[in-house]
Amino acid sequence: MASLKGQIREKISSFEKKIGYVFNDKENIQVALTHSSFANEHKEYKYNERLEFLGDSVLGLVVSDYLFSVRTDLPEGQLTKFRANVVCEESLSVVARKLNLGEYLLLGNGERQSGGSDRDSILADATEAVIAAIYIDGGLDKAKEFIMYNLRDVIAKTIDGNIFRDYKTILQEVIQSKNGRISYRLVQEKGPDHDKVFEMEVRSGNKVLGFGLGKNKKDAEKEAAKNALENMGEDI
């Protein structure tokens, strides 16, 4: 069996083939693919939160520049709304799943077992980190190529008026259309302070509609809303 470092090298090589970009400095992409839960278990590894910060700015710049150039008819407010839709968590998690990004992430054991490799927030953050890694390694033009190629469908749909709505908003609209109200309740939290998992339930009246797990209450509520919509047979 390959050593941990060997396994990571294999992940990086496979991911480079997936995205069509070979990194000059492999540490950039290694950090981008490393979640804090993995770094907590392996202290010698850096994790990707700083890269997320940079990637968010690079992504915003590229998308803003494109929208500003192609939609000369739109006022600032509408451009802001369109940009927010393209760079939101839901959009980025869609892109991440198309790249099978979750398969390449370095996650702690608890995080992976709790479904972290398919959690919207983790996937979206990692996508931003990958953008930053490409920007650092290859410059703005290479980062722009990655963004425009992988987000082209999201951008096109946004320009056509197809705006993302998060699961909590969709569920609220569905329940309100039936004259109901929803509420969220913490069922339990488990795990050590540095690696907690929260379980939330969503109710309408006395009826439990769904459950969700997350690294924070917000993510758990979102997963509970998604589970409720699935249980109700709603198209999401």
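Y66 sits in helix α4 (helices here are DSSP runs of H or I with at least four residues, strands are E runs of at least two, and both are numbered from the N terminus). With a relative accessible area of 30%, Y66 counts as partly exposed; buried means under 20%, exposed over 50%, and partly exposed in between, using a 1.4 Å probe and protein chains only. Y66 and L99 are 33 residues apart along the chain, and 22 Å separates their C-alpha atoms.

A quick word on ground rules. This is a predicted model, so local features need pLDDT of at least 70 and side-chain atom pairs count only at pLDDT 80 or more, while totals for chains, interfaces and linings use all residues. Residues are numbered from 1 along each chain as its sequence is written, and side-chain values use heavy atoms, with hydrogens and water left out.

**Two annotated regions**

UniProt, in an unreviewed entry, marks a "domain: RNase III" and a "domain: DRBM". UniProt positions are given in the numbering used here, feature names are shortened, and the annotations may be inferred rather than shown by experiment. Here is how the two stretches look in the model:

| UniProt feature | Residues | Helix | Strand | End C-alpha atoms apart |
|---|---|---|---|---|
| domain: RNase III | 12-139 | 73% | 0% | 19 Å |
| domain: DRBM | 166-234 | 36% | 36% | 13 Å |

**The annotated site and a pocket**

The same kind of record, again unreviewed, places a "binding site" at E52, D125 and E128. These residues span 77 positions in sequence, yet no two of their C-alpha atoms are more than 5.8 Å apart, so they gather at one spot. Of the three, E52 and D125 are in the lining of the second largest pocket. D125 belongs to helix α9, and so does E128. Their exposure is another matter: D125 is partly exposed at a relative accessible area of 30%, whereas E128, at 10%, is buried.

Now the pocket itself. Pockets and cavities are found on a 1 Å grid over the protein atoms alone: a cavity is a set of points where a 1.4 Å probe fits but cannot get out, a pocket is an open set with protein on both sides within 12 Å along at least five of seven lines, and lining residues have an atom within 4 Å of a point. The second largest pocket holds about 290 Å³ of space, where grid points are joined across faces, edges and corners and the volume is the space filled by probe spheres set on the points. Its lining has 16 residues, and H35, S121, I122, D125 and D219 come closest to the centre.

Which helix gives the largest share of that lining? Helix α9 does, with four residues. Helices α4 (49-70), α9 (120-138) and α13 (217-231) each put in at least two. The lining of this pocket also takes at least three residues from each of domain 1 (4-160) and domain 2 (167-232), with bounds that come from an automatic or database domain assignment. By class, the lining has eight charged, five polar and three nonpolar residues; Ala, Val, Leu, Ile, Met, Phe, Trp, Tyr, Cys and Pro count as nonpolar, Asp, Glu, Lys and Arg as charged, and the others, Gly among them, as polar.

**Three strands**

Strand β2 (residues 197-204) has antiparallel partners in β1 (residues 182-190), through eight bridges, and in β3 (residues 207-214), through seven. Two strands pair if DSSP finds at least two bridges between them. On one side, L186 has M200 of β2 as its bridge partner; on the other, E201 is bridged to F211 in β3. Strand β2 is mostly covered, with six of its eight residues buried.

Both hairpins have a glycine with a positive phi. The hairpin of β1 and β2 has six residues between the strands, and there G191 takes a phi near 100°. G191 is partly exposed at 42% relative accessibility. Its C-alpha atom is 8.8 Å from that of G110, although the two are 81 residues apart in sequence. The β2–β3 hairpin has two residues between its strands, and G205 in the turn has a positive phi of about 65°.

**One more helix**

Which residues of helix α6 (residues 89-98) are buried? They are E90, S91, L92, S93, V95 and A96. Just after α6, N100 takes a positive phi of about 55°.
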